[in-house]
Structure formats: structure tokens, C-alpha cells
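Biologist: Please take one part of this model and go through it closely. I would like to know what lies around it and how it is held in place among its neighbours.

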Amino acid sequence: MCATGWRDARLASGAFAILSEVSGGTKQPALSDGKTMARETEIKLKIADVPAFRRALKRIGAHLAGPGTSKVHEENVIFDTPQGGLAKHGQLLRIRTESPEGQGRSKATATKRRVVLTFKQPLAQSASGEAGNAAYGSYKVREEIEVEVAEVGNLTRIFEGLGMRGWFRYEKYRTTFRLPPSKAWATGLLIELDETPIGTFVELEGPAPAIDQAAQELGYSKRDYILTNYLRLYMEECRRKGEQPGHMLFQNRKERSH
């Protein structure tokens, strides 16, 4: 969790101000000419009572989005230049390694892991010259490219050869839910329950009206929406505890937020 040893204060402060981390899921499609990135719309909610929230999920008919428990362990590494060049432009370059729950580090299970390279940036400016994000004040909206890659090592070495480094690491356990097809309003909506070293959150991702209705059915309102990324939430938690920030990691891989 919070720890000593933040090695580059300049990069950290720049990223804390403007970096916007977002997560994977179903995206709104790019334009047919292929010139735009996928668009992601999402919000977070803080879960104070996890058992009660799981009961609420059951009440509204949410089901696991994939086989088994649909829970994966995520190891995330954010890359940037020593000067924080990407963060200064609100951009993010991340390698995420997803391991299904229950898998160890053996060669037999390593092939089932998924490694995703992600690049994200703010929406392009509109024709009126206003930032694209301005029309989405209640939501975090970003443009994103995701590419599944074979493994982490060589890609990391390429980034390091280009003068970048993995300056912030964070992990979490994510379980993804969907609502049944009978709820037509929820088409394209993902409900992603995140167990992190700083608490449990849920991310609602999809069309804005679906986000609002799902939040309402789960007992939340727009006043509860969190648009802050996990980096900033982590920094705020370290500040609250009076601890030096480091990386957002579990003290033990088996540690859970509940």
C-alpha cells in the first residue's frame, strides 16, 4: 500500500495533477472511417458495505460476465518519460497483466494470462474549440486503444529503450458483471467490482443513461459518482494516513479488501 521510495517527485506530481487512468471493457465503437479511437464512458462508486452491495447486484439480476468466478488479478504498470511527458498531456501508456483467480505462476497457467497494452488520451477538441470532455461533466470519457500482446518482457524493454520507465505499479482484483438481456436499457453496460489495497470500488462503464439507471437501482445517485483515477485515490489515501506514497500493491497477494 502506501510506502517509502517514490523516486521521481517531478513525475509523480505531474501525474497526480493530470493523469487519468481508465479500465478495460466494452467501448463505444470508433467511427467507420477508422480515424478515431474507441470511446470509454465510466464512473466509480465507493463500496462501504461489500456484502450489501453484492445483495443489491443479485436483486437487480446482475450475473457474472464470464466463466468461473469471472475474477481476475490485475498487475498494472504505467509508463512515462522521466519528465512525465505523457501525463502532462493527459495521456496514459499502460501494460496490464490479467491472471484468472486461482492461478499461480507456473508455466502451465501462464499461457492463460492476458497481457494488454493500453494507450489513452482526452477526447479531441470539438469543432467549437471546447475540450471534448466538457459535454460529459458527470462522467469520465476518454479515447482509448487496446492491443493484446504476447508477453510483457520484450515490450517493457522496448519502452525502456525509448527512454520511458514503469514509474507506477498498482494491482487489484476485478470481477465483472452484466445485466440480463431483458434489461434492454443496460445494453453495453459493464459492472466491474474492484478489490484494491485502498478499498472496494465499482466501475460502471457504458452508455451514460445506463450508468445512471444502474447506479440508481444499486442505491446511488450522481452525488456519489467518483471521476478520480486510482492513482489519485491512492495518493489521497496516503496523504490521509500521513504515509509516503510508493506503489498501490497488496502487502500479500492473498490480501483482500474484505
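Modeller: What follows is a look at strand E9 and its surroundings in this predicted model. E9 covers residues 199-205, and seven of its seven residues are buried, so the strand is largely enclosed by the rest of the structure. In a regular strand, side chains alternate between the two faces of the sheet. Here both faces are covered: one side carries Gly 199, Phe 201, Glu 203 and Glu 205, the other Thr 200, Val 202 and Leu 204, and all of these are buried.

Next, the strands that pair with E9. Strand E8, residues 190-196, runs antiparallel to E9 and is joined to it by seven bridges. A hairpin of two residues leads from E8 to E9, and Asp 194 has Phe 201 of E9 as its bridge partner. Strand E1, residues 38-47, also pairs with E9 in the antiparallel sense, over six bridges. In that pairing, Leu 45 stands opposite Val 202.

Leu 45 and Val 202 appear again in the largest nonpolar core, which has 27 residues; both are among those with the most contacts inside it, as are Phe 53, Leu 204 and Leu 218. E9 supplies at least two residues of this core, and so does each of E1, E8, helix H2 (50-59) and helix H6 (208-217). Phe 53 touches Val 202, and its other contacts include Ile 47, Leu 193, Leu 218 and Tyr 220, leaving aside residues up to four places away in sequence. A second core, separate from this one, has 16 residues, among them Cys 2, Ile 198, Leu 233 and Met 248.

Conventions: Residues are numbered from 1 along each chain as its sequence is written. This is a predicted model: local features need pLDDT of at least 70, side-chain atom pairs count only at pLDDT 80 or more; totals for chains, interfaces and linings use all residues. Side-chain values use heavy atoms; hydrogens and water are left out. Buried means under 20% relative accessible area, exposed over 50%, partly exposed in between (1.4 Å probe, protein chains only). Helices (H or I, at least four residues) and strands (E, at least two) are DSSP runs, numbered from the N terminus. Two strands pair if DSSP finds at least two bridges between them. A nonpolar core is a set of buried Ala, Val, Leu, Ile, Met, Phe, Trp, Tyr and Cys residues joined through side-chain atoms within 4.5 Å. Contact means heavy atoms within 4.5 Å.
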